[in-house]
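Colleague: I have a model to go through before the group meeting. Can you take me through the sheets and the pockets?

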Amino acid sequence: MMRAIAFFIDRQPIEIILAITQSTPYLELTTMTKPFSFSHEFTLDKSYFAETYDASIDPKIKGKDFIKTATFAVIGLGILLSTNLGNNELAHKNTYYLGYFFIGLSVVEALSIKFKRTWWLWRQMMSKAANNNASLTLSDEGILIESVYVNQTTKWTDVYRISEMNTGFMITLANAKSYLSKRGLSEEAIAFVRTKI
């Protein structure tokens, strides 16, 4: 005959299994661990996107950022020079405008590098997901973010590294990075994510 009795010590469920057999009664003490689950709803607004950008993007401008800009400028100048040099096929009026188009692209690309944060925030705010509510669920299996336009699941087994910052956690996967903001997380949820580091 076996009987199980459950009670709580420090808000942790403890199960006592009392087994009485024909030969010897014994007492077994086991801990019932409740699976962790935390849910939170937040809005994908400008402040959320700004925090995500500041935590995940390096603001320094590097020389390799200008490769696309230089390529567009060289193509545009090449087309303009070829249209002015002779009576070949490229010296057509529409081709001439194509050269100015590529130079215009290089200017837009250079401005997007100079104003990288503003440009990125503007693109995020123009997306369909902007200003919609999303729900975050942390569990023993992983992180689930759901909204009308975004459904993202990250399993803890797929996580390569977690780095804690002042405002959140940078979660590195095999070939991607994801940012988890501490805004709206309870102390228990923050402690739970820290156990995954």
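Modeller: Here are the strands, then the pockets and the cavity, then one loop residue.

Colleague: What kind of model is this, and how are residues numbered?

Modeller: This is a predicted model, where local features need pLDDT of at least 70 and side-chain atom pairs count only at pLDDT 80 or more, while totals for chains, interfaces and linings use all residues. Residues are numbered from 1 along each chain as its sequence is written, and side-chain values use heavy atoms, with hydrogens and water left out.

Colleague: Start with the open sheet. What is the strand order?

Modeller: The order is β4-β5-β6-β7, four strands with antiparallel pairing. Strands here are DSSP runs of E of at least two residues, helices are runs of H or I of at least four, and both are numbered from the N terminus. Two strands pair if DSSP finds at least two bridges between them.

Colleague: Which strands stand at the edges?

Modeller: β4 (37–43) and β7 (151–155) do; each has a single partner strand, so one side of each is left without a neighbour in the sheet. The twist from one strand to the next averages 10°, with axes taken as lines fitted to C-alpha atoms and angles running from 0 to 180 degrees between N-to-C directions.

Colleague: How many bridges are there between β6 and β7?

Modeller: Five, in the antiparallel sense, with β6 covering residues 142–147. E146 has N151 in β7 as its bridge partner.

Colleague: And β8 to β10?

Modeller: β8 (residues 161–164) runs antiparallel to β9, joined by four bridges, and a hairpin of three residues connects these two strands. One bridge pair there is I162 with I171 in β9. β9 and β10 are also antiparallel, with five bridges, and the hairpin between them has four residues. T172 stands opposite K177 in β10.

Colleague: Is β9 enclosed or open, and why?

Modeller: Five of the five residues of β9 are buried, so β9 is largely enclosed by the rest of the structure. Buried means under 20% relative accessible area, exposed over 50%, and partly exposed in between, using a 1.4 Å probe and protein chains only.

Colleague: Now α1. Which residues are buried?

Modeller: Y48, F49, A50, E51, T52, Y53 and A55. These buried residues pack against β4, α4, β9 (168–172) and β10, where contact means heavy atoms within 4.5 Å.

Colleague: On to pockets. What is the volume of the largest one?

Modeller: The largest pocket has about 390 Å³ of space. A pocket is an open set of points on a 1 Å grid over the protein atoms alone, with protein on both sides within 12 Å along at least five of seven lines; a cavity is a set where a 1.4 Å probe fits but cannot get out, and lining residues have an atom within 4 Å of a point. Points are joined across faces, edges and corners, and the volume is the space filled by probe spheres set on them.

Colleague: What lines that pocket?

Modeller: Twenty residues line the largest pocket, and Y48, F49, T52, Q152 and Y179 lie nearest its centre. α1 (46–56), α4 (116–126), β6 and β10 (177–181) each give two or more residues to the lining, and α1 has the largest share with four. By class, the lining has 11 nonpolar, seven polar and two charged residues; Ala, Val, Leu, Ile, Met, Phe, Trp, Tyr, Cys and Pro count as nonpolar, Asp, Glu, Lys and Arg as charged, and the others, Gly among them, as polar.

Colleague: And the second largest pocket?

Modeller: Its volume is about 160 Å³. The lining residues include H40, F42, Y48, Y179 and R183, and β4, α1 and β10 each give two or more residues. The class split is six nonpolar, four polar and two charged.

Colleague: How many cavities of 30 Å³ or more are there?

Modeller: One, with about 60 Å³ of space. I143, I145, Q152, T154, I171, S178, Y179 and L180 line this cavity. β10 gives the most, three residues, and the lining has five nonpolar, three polar and no charged residues.

Colleague: Last one: where is G184?

Modeller: G184 lies in the loop between β10 and α5 (187–195), and counts as partly exposed at 39% relative accessibility. Leaving aside neighbours within four places in sequence, G184 is in contact with F38 and H40. G184 and F42 are 142 residues apart in sequence, yet 7.7 Å apart in space, C-alpha to C-alpha.
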